[in-house]
Amino acid sequence: MEEQQRTVPHVCVTDGKHHIRKFLREALKELVFTAYECAEEHDLNAALDARSPDLVLLGLMSGAVAAGDVLRMLADRNFTGKILPVAQRDSTVVSEIQDRAERLGMTILPPLLTPFTPERLRDSVAVLLPETSLNPLVDLTEAVRGGWLELWYQPKIDARLIVMRGAEALLRVRHPIWGIIPPAYFMADDGDPRFPSISEAVISRAIDDWHYFFLERGHTELAINLPITFFQNPTSINCLRKKLPHHAAFEGLIVESNGTEIGRNLTHAKDVARELRLHKIAISVDDVGAEWPSLTSLSEFPFVEIKIDRKFVLGCAGDQLKQSMCRRIIDLGQRNGARTVAEGVETWADFLTLREMGVDLVQGILFAEPMSVERFAQDGWSASQMSLPSGQSFSIEELANCSRRWPDVPACGLMR
């Protein structure tokens, strides 16, 4: 059996348009490739001199002539790597470039057609990725020590105005060989004795990221995930409080804790929520589902946010039972002055259903997948990414047009 690739693949991105090169480079970096742009002929020559790339992304947005020049240069330099054409779905250039590459004896992959999702990009370059079976079960203590922990950010979108209201920080591990590791390979149970050190690392990283985002785009409301049991240690609240930004622009931090765990420790959770709010920290009840009735008995509701579990959100447009569950949780939030967030929104039908119910915010790949710190700071999210005007309220009819225009394509997959 062939030895699987264990070094970081190098990818050269060529295209005549700067924003397309940048978009592809950032997407590839998130797949742990070393990606760089080759805008001019001398850039490509320099890349081939330094270290011949494993893959060349051949942008066809500028037509066959420019792409043909790149192919000829690669052939003249005896390039032995792979070539991935990137083109618009209706492009007439693809077949011409494929034929030319084959005549030159070059290895050309099936084209990547836009718009595309991150999964489709990953599938297109899978030949260069390590086998999934090689993914390790990452020891989180080692990940903290090695500096492999990252936070990726998924925007929270206002369901009425279609603007970003904040972002949730999601833990990722960037392994030096396997790249970004899926959470299933490293996420510890809340009771794991190593979890406090991981929670502290998450807090520190999030605060550093807030400062970075502030410099790049101004204040951004961030939410981090911590188990409610983290606060059983009396020093934890003080530790968190001391790490908060001492900056006039800082408006507060949200801590998301699992709804089931809060239900099991309701008295403690209430006490924690009350104390944290004195320090610009608010508790969000995460993944709320069947346990929602336990929250209705509270005479005082110190939680600022309720998040509807994705299993009740996905497919709710066509499921009366899921709609009933979502509606009850939204009503609970409205009665107690807490905003509601629908997690895992993937289709326009589900989004429109939840919007009609009165949900405040939505999260999901319909609008944006989690993204790296650099990409979030540079691009963030705005309605303009979906060809929608920003800063206004949208009617059901206007949003329904989105469903007709892009029936199967999440907005984060659209080329920007």
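Me: Which residues does Phe 303 touch, not counting residues up to four places away in sequence?
Reply: This is a predicted model, in which local features need pLDDT of at least 70 and side-chain atom pairs count only at pLDDT 80 or more, while totals for chains, interfaces and linings use all residues. Residues are numbered from 1 along each chain as its sequence is written, and side-chain values use heavy atoms, with hydrogens and water left out. With contact taken as heavy atoms within 4.5 Å, Phe 303 touches Ile 262, Ala 269, Lys 270, Ala 273, Ile 283, Val 285, Leu 298 and Ala 338.

Me: How many residues does H7 give to the largest nonpolar core?
Reply: A nonpolar core is a set of buried (under 20% relative accessible area, 1.4 Å probe, protein chains only) Ala, Val, Leu, Ile, Met, Phe, Trp, Tyr and Cys residues joined through side-chain atoms within 4.5 Å. The largest has 78 residues, and Phe 303 is among those with the most contacts inside it. Helix H7, where helices are DSSP runs of H or I with at least four residues, gives the most to this core, with seven residues.

Me: Where does Lys 280 lie, and is Lys 280 buried or partly exposed?
Reply: Phi of Lys 280 is near 65°, a positive value in a residue other than glycine. Lys 280 lies in the loop between helix H10 (266-277) and strand S12 (281-288), strands being DSSP runs of E with at least two residues. With a relative accessible area of 47%, which falls between the 20% and 50% limits, Lys 280 is partly exposed.
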